[in-house]
Amino acid sequence: MTAFVFIFVYYLGKRIFTNFGISDRNRFFVALTIGLILETVVFAITGTSGYKLIGPM
């Protein structure tokens, strides 16, 4: 999931970052951070069931 969000933010958000004058290196770390935060939030809300690690009981 982090990779999926990273691709969208890094590649599709290039124009947004360019307009604000953010370098490619910072764009990389921002995209990675957003992906990690989103994955952590989904994992905190759904637990392991969101990743199908544990079946329904």
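Trainee: Which residues form the nonpolar patch on the surface, and what is their accessible area together?
Mentor: In this predicted model, the patch is made up of Phe4, Ile7, Phe8, Tyr11 and Leu12. Two of its members can be placed further: Phe4 is exposed at 56% relative accessibility, and Tyr11 is exposed at 55%. Together, the five residues named contribute an accessible area of about 590 Å².

Trainee: In which helix is Phe4 found, and is Phe4 buried or exposed?
Mentor: Phe4 is found in helix α1. Its relative accessibility is 56%, and the cut-off for this class is over 50%. Phe4 therefore counts as exposed.

Trainee: How many aromatic pairs are there, and what is the geometry of the pair Phe6 and Phe28?
Mentor: The count comes to 6 aromatic pairs. For Phe6 and Phe28, the ring centres are 5.3 Å apart and the planes lie at 80°. Planes over 60 degrees apart fall in one class, so this pair is edge-to-face.

Trainee: How many residues apart are Phe6 and Phe28?
Mentor: Phe6 belongs to helix α1 (residues 2-12), whereas Phe28 belongs to helix α3 (residues 24-46). The pair thus links distant parts of the chain. Phe6 is buried at 16% relative accessibility, while Phe28 is partly exposed at 33%. Along the chain, their separation is 22 residues.

Trainee: What is the geometry of the pair Tyr10 and Tyr11?
Mentor: Tyr10 is buried, with a relative accessible area of 14%, whereas Tyr11 is exposed, with 55%. Their ring centres are 4.9 Å apart and their planes stand at 90°, so the pair is edge-to-face.

Trainee: Which residues do ring pairs link into a cluster, and which charged end sits over the ring of Tyr10?
Mentor: The cluster comprises Phe6, Tyr10, Tyr11, Phe28 and Phe29. A charged end also sits over the ring of Tyr10, 4.0 Å from its centre. That charged end belongs to Arg27.

Trainee: What pattern does the protein follow along the sequence, and what share of its residues count as buried?
Mentor: The protein has 3 helices and 0 strands, and its pattern reads α-α-α. Its accessible surface is about 4600 Å², with 71% belonging to carbon and sulfur atoms. Of its 57 residues, the buried share is 18%.

Trainee: In which helix is confidence highest?
Mentor: The average pLDDT of the protein is 81, and 82% of the residues score at least 70. Among the helices, confidence is lowest in α2 (residues 14-19), with a mean of 84. The highest value, 87, belongs to α3.

Methods: Residues are numbered from 1 along each chain as its sequence is written. This is a predicted model: local features need pLDDT of at least 70, side-chain atom pairs count only at pLDDT 80 or more; totals for chains, interfaces and linings use all residues. Side-chain values use heavy atoms; hydrogens and water are left out. Rings of Phe, Tyr and Trp (its six-membered ring) pair if their centres lie within 6.5 Å; planes under 30 degrees apart count as stacked, over 60 as edge-to-face and the rest as tilted. Helices (H or I, at least four residues) and strands (E, at least two) are DSSP runs, numbered from the N terminus. Buried means under 20% relative accessible area, exposed over 50%, partly exposed in between (1.4 Å probe, protein chains only). A charge sits over a ring if NZ of Lys or CZ of Arg is within 6 Å of the ring centre and within 35 degrees of the ring normal. pLDDT is the predictor's confidence in each residue, from 0 to 100. Patches are made of residues with over 30% relative accessible area and no salt bridge: like charges are joined within 9 Å, nonpolar side chains (Val, Leu, Ile, Met, Phe, Trp, Tyr) within 5 Å. Accessible areas come from the Shrake-Rupley method with a 1.4 Å probe; for residues, only the protein chains shown count as cover. A salt bridge is a side-chain nitrogen of Lys or Arg within 4 Å of a carboxyl oxygen of Asp or Glu.
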